[in-house]
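Trainee: I would like to learn how to read contacts between chains and pairs of charges. Can we work through a case?

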Amino acid sequence: MSEPILQVRDLVKHFPVKRGVLFRRTIGQVKAVDGVSFDLNKGETLGVVGESGCGKSTLAQVLMRLEPATSGTALFEGQDIFSLNGSALRRLRRDIQIVLQDPYTSLNPRMTVGDIIGEPFEIHPEVAPKGDRKAKVRELLDVVGLSPEHVNRYPHQFSGGQRQRIGIARALALRPKVIICDEPVSALDVSIQAQVMNLLAELRREFSLSYVFIAHDLSVVRHLSDRVGVMYLGRMVEMGTEEQIYEHPTHPYTQALLSSVPVPDPSLRGQREIIRLTGDVPSPVSPPSGCRFRTRCWKARDLCATETPPLVDPGTSPVEGATWPGGDEGASHPSACHFPEEKPKVVA
Amino acid sequence: MTDPTAAASAGKMETRAQEEITAEGHGARPGGGADDGKQRSLWGDAWVSLRRRPIFIISAVIILFLTVMALFPGLFTSVDPTKADLSLARQTPSADAWFGYDQQGRDIYARVIHGVRASLVVGVLATLGTVLLGSLVGLFAGFYGGWLDAILSRFADVFFGLPFVLGAIVILSTFNPPGTPYGPVRIIFQVIFSIVVLSWPVTMRIMRSAALTAKQQDYVKAARALGASPTRIIFRHLLPNTLAPVLVYGSIALGTYIALEATLSFLGVGLRTPVVSWGVMISDAKELLRIAPHMLLFPAGALAVTVLAFVMLGDAVRDALDPKMR
Amino acid sequence: MSTEGHPAEPPNESPLQDPAAPAVVQQGAEPLLAVSGLHVEFRTREGVARVLNGVRYHVDAGETLAVLGESGSGKSVTANTVMGILEMPPAAITAGEIRFRGEDLLTATASRRREVRGEGIAMIFQDALSALNPVFTVGFQIEEQLRQRRGMSRRDARKRAIELLDLVRIPNAKGRVRQFPHEFSGGMRQRAMIAMSLALDPEVLIADEPTTALDVTVQAQIMDLLAEIQRERNMGMVLITHDLGVVAEVADRIAVMYAGRIVEEADVHSIYRQPGHPYTRALMDSMPRLDQRGQELNTIKGLPPSLTAIPKGCPFHPRCPMAIDLCREKDPELLPIAEGRVSACHRSDELMRDE
């Protein structure tokens with residue numbers, strides 16, 4: 001396996017909840033991300049899935065240093081992202097970039113496309129000498145499949161998919177090594193979504209990029225990811241290769257999530273087992289003790305309320321009574337559940 | 001003065017809805033202007049589009065005309081605006097005096113011409129001052145937030161809470177007690193100063209709320225992720241997107257300020273004779289409205305045309321700065 | 001369970017002679033809700049956008065019709081027109097009929113339309129947070145209709161509101177009825193809106209992307225709930241969505257929209273087995289699937305047309321892999337391609353022969 005380019009350890013991000021107008025006091029903490037660890041390997045796409053409020057977008061913000069981390073480390077090529085400042089942080093910006101979700105607000109409506117894609121070069125003038133910039137902008141437009149003639153247009157003259165391409169060109173301008181994609185296709189129509197996903201896959205090959213691909217759509221994540229992490233209420237609950245997660249999920253949340261995805265095949269109607277979760281996701285201000293999923297889990301026992309299950313491979317599970325149910329060789333992967341168990345045929 | 005923030009945000013929502021219709025209905029439509037290989041930017045495009053707008057041209061011509069009048073009143077009249085002949089008092093317009101005579105028998109036409117200078121200077125400079133000061137403070141308060149915002153906002157509230165006339169009387173009578181022989185230039189600047197000091201909180205509030213909205217947009221996030229400095233974010237990303245409501249307010253406020261100058265003159269703390277201003281003329285005419293309406297009609301009409309010109313200019317600039325309106 | 005809503009297929013002649021007639025007509029009985037030949041324009045500064053260009057569909061009691069389309073296809077505009085909540089201007093209805101139990105709503109009086117709205121046809125929206133008024137309690141918003149339209153007393157209305165919240169399985173309905181929309185979670189809010197739409201016992205429920213803003217696990221709950229309520233009350237449901245997965249799970253019939261017209265209509269099983277329009281087929285091919293990790297997705301090239309300049313001929317031809325000269329010249333009519341199926345494509349017979 002290739003070496004990790006990004007190593008995240010015990011990442012925590014809590015947002016204080018404040019009350020009061022003049023004298024604001026902290027009355028609680030939104031535990032948006034609460035101890036997340038993962039490695040991103042070179043040239044790999046790590047998918048992060050989870051429902052709204054699970055902390056996946058906060059994860060992106062913290063990794064981009066848009067929000068300060070509460071604790072934890074993130075090493076990019078051995079260098080701690082969170083300790084960088086000044087020019088070192090600026091240097092890091094060239095290596096890690098982000099593609100945002102909403103193509104309608106992520107582009108400044110009063111800047112031309114040329115200015116938008118050229119801005120990275122203005123901020124980092126050392127990347128491209130002034131004379132080269134125009135040519136570079138045109139080249140980038142071409143790379144993402146837009147006509148270089150469009151430099152003088154404004155964002156509103158483009159459709160959603162085209163705007164997302166502009167956002168991708170901007171992220172690509174500084175030739176980063178890692179791109180964090182925060183729900184890059186969820187605001188797009190199906191037919192356009194496919195175009196943008198193909199583009200992302202193509203760019204990864206062409207520029208040997210590594211992606212952290214954050215999305216709530218499980219099919220989209222599977223399509224692009226090599227490995228997948230599933231998040232629930234600020235924690236990573238299961239992590240494995242795309243095949244392990246989608247074909248051999250062992251965490252009950254992952255299983256429920258996968259079985260809830262509607263399958264575009266009416267002949268399977270009523271034939272597949274759908275795990276219907278009850279209730280809503282608990283508030284991240286006061287998450288349940290122990291396993292955070294226990295309040296909605298059909299397998300929950302007393303142990304789940306008292307002890308937090310670590311994200312470990314059940315083959316080496318420290319908890320007594322937990323057994324790896326067999327299944328395929330090599331299907332064993334980390335799952336933060338006291339009673340991990342493979343369920344046959346979760347995905348139809 | 002009411003808080004115009006609400007109106008500003010309502011306007012924003014409308015544009016958003018409009019945008020959605022356009023975006024949905026049109027997909028990609030060919031861009032305006034030919035792609036001539038040169039890269040353009042917002043301000044350049046705005047200038048090109050401004051020059052094509054009849055509203056801009058009309059307002060610019062009026063403003064240019066007023067400016068010439070302010071600089072060279074002798075080109076338009078040779079009558080001394082201060083020469084009083086009581087035998088002509090309150091005479092209605094005639095071939096001799098196109099706008100008639102006032103209470104003291106002075107030529108109203110000459111006075112309107114000579115009054116442009118003081119009125120225009122007060123209006124334009126007070127507006128510029130208010131807009132610049134208020135916008136800057138509002139931008140910084142909105143962008144940085146936290147304690148800086150709290151302090152600046154409370155500070156603005158203090159000035160906002162002062163009734164304008166009372167505040168202006170205090171300021172002007174402190175700097176300029178009755179009987180002091182200060183020249184008109186000094187008094188004009190004192191009037192401008194008191195208007196700016198007492199009105200900047202309005203623009204500050206408009207700008208602050210616009211900046212708060214703009215700050216949360218994803219494009220600001222993207223710029224920060226690229227490593228853009230706060231100055232860059234404020235002036236490249238926030239300012240162009242927050243300018244519109246302030247421009248609209250500013251162009252309307254200009255007229256108000258000219259009228260405010262009149263109020264101060266009327267109260268005896270502003271400009272006074274021998275300085276001629278529309279404000280002084282309007283306040284002189286107030287009590288005689290029923291006897292000699294022409295005394296009010298002409299300076300007020302000139303004021304209305306001036307305000308209209310600036311409102312049109314503000315509108316044209318706002319539209320030119322909005323790529324969707326081109 | 002998932003058989004078609006019609007007892008018997010009609011002989012195919014009669015709907016053909018009258019182009020304005022609903023695509024698939026039941027013999028004898030009038031459909032519950034039938035839209036035909038609906039044309040709507042948006043008159044904007046940029047010109048006239050022809051948003052709907054002859055939409056026709058119908059729904060019967062106890063049946064779910066899914067209206068499938070991408071943004072700008074006109075699926076929501078059709079629904080808003082049916083509800084009579086289209087903003088006019090800028091919109092203008094230039095032709096068409098909307099028949100509810102045989103009565104044309106477009107020629108009905110304003111007061112009659114108000115009567116139908118809520119009692120005859122009700123609608124739920126994608127964004128429950130903005131569809132509910134933030135300054136009134138959820139209970140009040142449900143009770144208001146009951147008191148105004150049913151003349152109920154305050155107490156009876158409160159009782160009924162609690163029943164309705166119970167019906168949509170909001171836990172602790174008694175306490176919840178006094179809460180404000182922002183105190184509800186996304187899923188609960190959607191349930192509250194469903195409760196509100198059911199207050200006057202509508203016969204047709206139009207659900208405009210009811211689960212798009214929700215997470216998958218909550219989406220499953222809401223779709224179950226809608227399906228159950230529909231079954232119990234024998235309601236007709238028009239489900240507007242872009243999600244091919246949701247459609248496959250709940251719809252009886254599907255109408256596919258593109259550029260303001262219906263391009264294909266069929267029962268759910270046959271359309272997934274064999275799409276009868278290239279656009280439908282391309283949509284299905286471009287969807288990433290949970291059970292696949294393909295290297296490249298099939299895409300539909302290009303963009304949907306600008307509604308101010310819909311291309312001549314078939315509106316899909318610039319993006320269609322099967323386009324021939326005829327497609328650039330002549331706009332295809334919506335014609336039967338199999339029993340109970342219609343498609344607007346010159347080459348649909350080839351599509352049906354494939355495979």
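**Reading the contacts**

Mentor: Begin with polar contacts across one interface. Between chain A and chain C, the rule finds 7 residue pairs in polar contact, both residues at pLDDT 80 or more. Keep in mind that this is a predicted model.

Trainee: Which helices of chain A each supply at least two residues of the side that touches chain C?

Mentor: They are α6 (190-206), α7 (218-224), α8 (242-247) and α9 (252-260). The largest share, 8 residues, comes from α6(A). By class, this side of chain A has 19 nonpolar, 14 polar and 11 charged residues.

Trainee: How many residues of each chain are in contact, and what area is buried between chain A and chain C?

Mentor: In contact are 44 residues of chain A and 47 residues of chain C. The buried area is about 3,900 Å², and carbon and sulfur atoms give 54% of that.

Trainee: How many salt bridges does the rule find across the interface of chain A and chain C?

Mentor: The general idea comes first. Side chains of opposite charge can pair when their charged atoms come close. Here the rule finds 1 salt bridge across the interface. A:Arg276 and C:Asp224 form a salt bridge, at 2.2 Å from N to O. Over all chains, the structure holds 44.

Trainee: Where do the partners C:Arg253 and C:Glu63 lie?

Mentor: C:Arg253 and C:Glu63 form a salt bridge at 2.7 Å, N to O. C:Arg253 is in strand β9 (residues 253-258) of chain C, while C:Glu63 is in the loop between β2 (47-59) and β3 (64-68), so the pair ties together parts 190 residues apart in sequence. Both C:Arg253 and C:Glu63 are buried.

Trainee: Are B:Arg318 and B:Asp315 close in sequence or far apart?

Mentor: They are 3 residues apart in helix α11 (residues 293-320) of chain B, so about one helical turn separates them. Their closest N and O atoms are 3.7 Å apart, in a salt bridge. Read that against the 4 Å cut-off. B:Arg318 is partly exposed, with a relative accessible area of 27%. B:Asp315 is partly exposed too, at 32%.

Trainee: Which residues are linked in a network of salt bridges?

Mentor: Read a network by listing its members. A:Asp115, A:Glu119, A:Glu122, B:Arg232 and B:Arg236 are linked in this way.

Trainee: Is A:Ser210 buried or exposed?

Mentor: A:Ser210 is buried, with a relative accessible area of 1%. A:Ser210 lies in strand β8 (residues 210-215) of chain A. Among the residues that A:Ser210 touches are A:Ile5, A:Leu40 and A:Val178.

Note on methods. Residues numbered from 1 in each chain as written. Chains lettered and ligands numbered in written order. Predicted model: local features only at pLDDT ≥ 70, side-chain atom pairs only at ≥ 80, totals over all residues. Heavy atoms only, no water. Contact = heavy atoms within 4.5 Å. Buried area = accessible area lost by both parts, 1.4 Å probe. Salt bridge = Lys/Arg side-chain N within 4 Å of Asp/Glu carboxyl O. Polar contact = N/O pair within 3.5 Å; in protein donor to acceptor, adjacent residues only side chain to side chain. Helix = DSSP H or I, 4+ residues; strand = E, 2+ residues; numbered from the N terminus. Nonpolar A, V, L, I, M, F, W, Y, C, P; charged D, E, K, R; others polar. Buried < 20%, exposed > 50% of the residue type's maximum accessible area, 1.4 Å probe, protein only. Lists of a residue's contacts leave out its neighbours within four places in sequence.
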